[in-house]
Amino acid sequence: RLFPTCGAVLTDAAAAGARARQIALEGRLEAADGTLLSIRADTLCIHGDAANCVAIAGAAREALGRAGVAIRTVDVCYNASPRASAANDASQCSPT
């Protein structure tokens, strides 16, 4: 069964920053229908296909930084072959 995804992707940079902060500090987020969902996140993925993805990333970084949340790079290749994943060698990544 397909579920509607209306509102699942935030395109407003300020709203994305606020969402990132809420997830990091409160361990919850407000769904599109207003329901509060508990969530634990170790990473934040920002999709690069939105026209304003740089603004979204900046707003998230600013909101998290102001809240005192440590920001660091994740050094891992998600499209890697099993051999590359084991070695954590990004040079072995397979194309998507």
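A salt bridge is a side-chain nitrogen of Lys or Arg within 4 Å of a carboxyl oxygen of Asp or Glu. The views below come from a predicted model.

**Figure 1. Arg 28 and Glu 26 form a salt bridge.** The nitrogen-to-oxygen distance between the two side chains is 2.8 Å, so the pair falls within the 4 Å limit. Arg 28 has a relative accessible area of 33% and is therefore partly exposed. Glu 26 is likewise partly exposed, at 41%. The structure holds 3 salt bridges, and the other pairs appear in Figures 2 and 3.

**Figure 2. The side chains of Arg 40 and Asp 42 meet in a salt bridge.** Here the N to O distance is 3.2 Å. Arg 40 counts as exposed because its relative accessibility is 70%, and the cut-off for exposed is over 50%. Asp 42 also counts as exposed, with a relative accessibility of 63%.

**Figure 3. Glu 62 and Arg 66 are joined by a salt bridge in helix H2.** Their side chains meet at 3.5 Å, N to O. The two residues are 4 residues apart in helix H2, so about one helical turn separates them. Glu 62 is partly exposed, with a relative accessible area of 49%. Arg 66 is exposed, and its relative accessible area is 65%.

**Figure 4. Gln 22 of helix H1 reaches the backbone of Glu 30.** The side chain of Gln 22 lies 3.4 Å from the backbone nitrogen of Glu 30. With a relative accessibility of 17%, Gln 22 counts as buried; the limit for buried is under 20%. When neighbours within four places in sequence are left aside, the contacts of Gln 22 are Gly 27, Arg 28, Leu 29, Glu 30 and Leu 36. Arg 28, one of these contacts, is also the salt-bridge partner of Glu 26 in Figure 1.

**Figure 5. Ile 56 is a buried residue of helix H2.** Its relative accessibility is 8%. Residues up to four places away in sequence are not counted in the contacts of Ile 56, which are Leu 10, Thr 11, Ala 13, Ala 16 and Ile 46. One of them, Ala 13, is 43 residues from Ile 56 along the chain, yet the C-alpha atoms of this pair are separated by 4.3 Å.

**Figure 6. The largest pocket is lined by 34 residues.** About 1200 Å³ of space lies in this pocket. Helix H1 (13-26), strand E1 (28-30) and helix H2 (53-66) are the elements that give two or more residues to its lining. Ala 20, Thr 43, Leu 44, Cys 45 and Ile 46 are the lining residues that lie nearest the centre of the pocket. By class, the lining divides into 24 nonpolar, 3 polar and 7 charged residues. Ile 46, placed here among the residues nearest the centre, is also touched by Ile 56 in Figure 5.

**Figure 7. The protein chain, shown for context, has 3 helices and 2 strands.** Read from the N terminus, the order of these elements is α-β-β-α-α. The chain has 96 residues, and 18% of them count as buried; Gln 22 and Ile 56 are among the buried residues. Of the contacts in the chain with a separation of 6 or more, 34% involve residues 24 or more positions apart.

Technical notes. Residues are numbered from 1 along each chain as its sequence is written. This is a predicted model: local features need pLDDT of at least 70, side-chain atom pairs count only at pLDDT 80 or more; totals for chains, interfaces and linings use all residues. Side-chain values use heavy atoms; hydrogens and water are left out. On a 1 Å grid over the protein atoms alone, a cavity is a set of points where a 1.4 Å probe fits but cannot get out, and a pocket is an open set with protein on both sides within 12 Å along at least five of seven lines; lining residues have an atom within 4 Å of a point. Grid points are joined across faces, edges and corners, and a volume is the space filled by probe spheres set on the points. Ala, Val, Leu, Ile, Met, Phe, Trp, Tyr, Cys and Pro count as nonpolar, Asp, Glu, Lys and Arg as charged, and the others, Gly among them, as polar. Buried means under 20% relative accessible area, exposed over 50%, partly exposed in between (1.4 Å probe, protein chains only). Contact means heavy atoms within 4.5 Å. A polar contact is a pair of N or O atoms within 3.5 Å; within protein, one must be able to donate a hydrogen and the other to accept it, and residues adjacent in sequence count only if both atoms are side-chain atoms.
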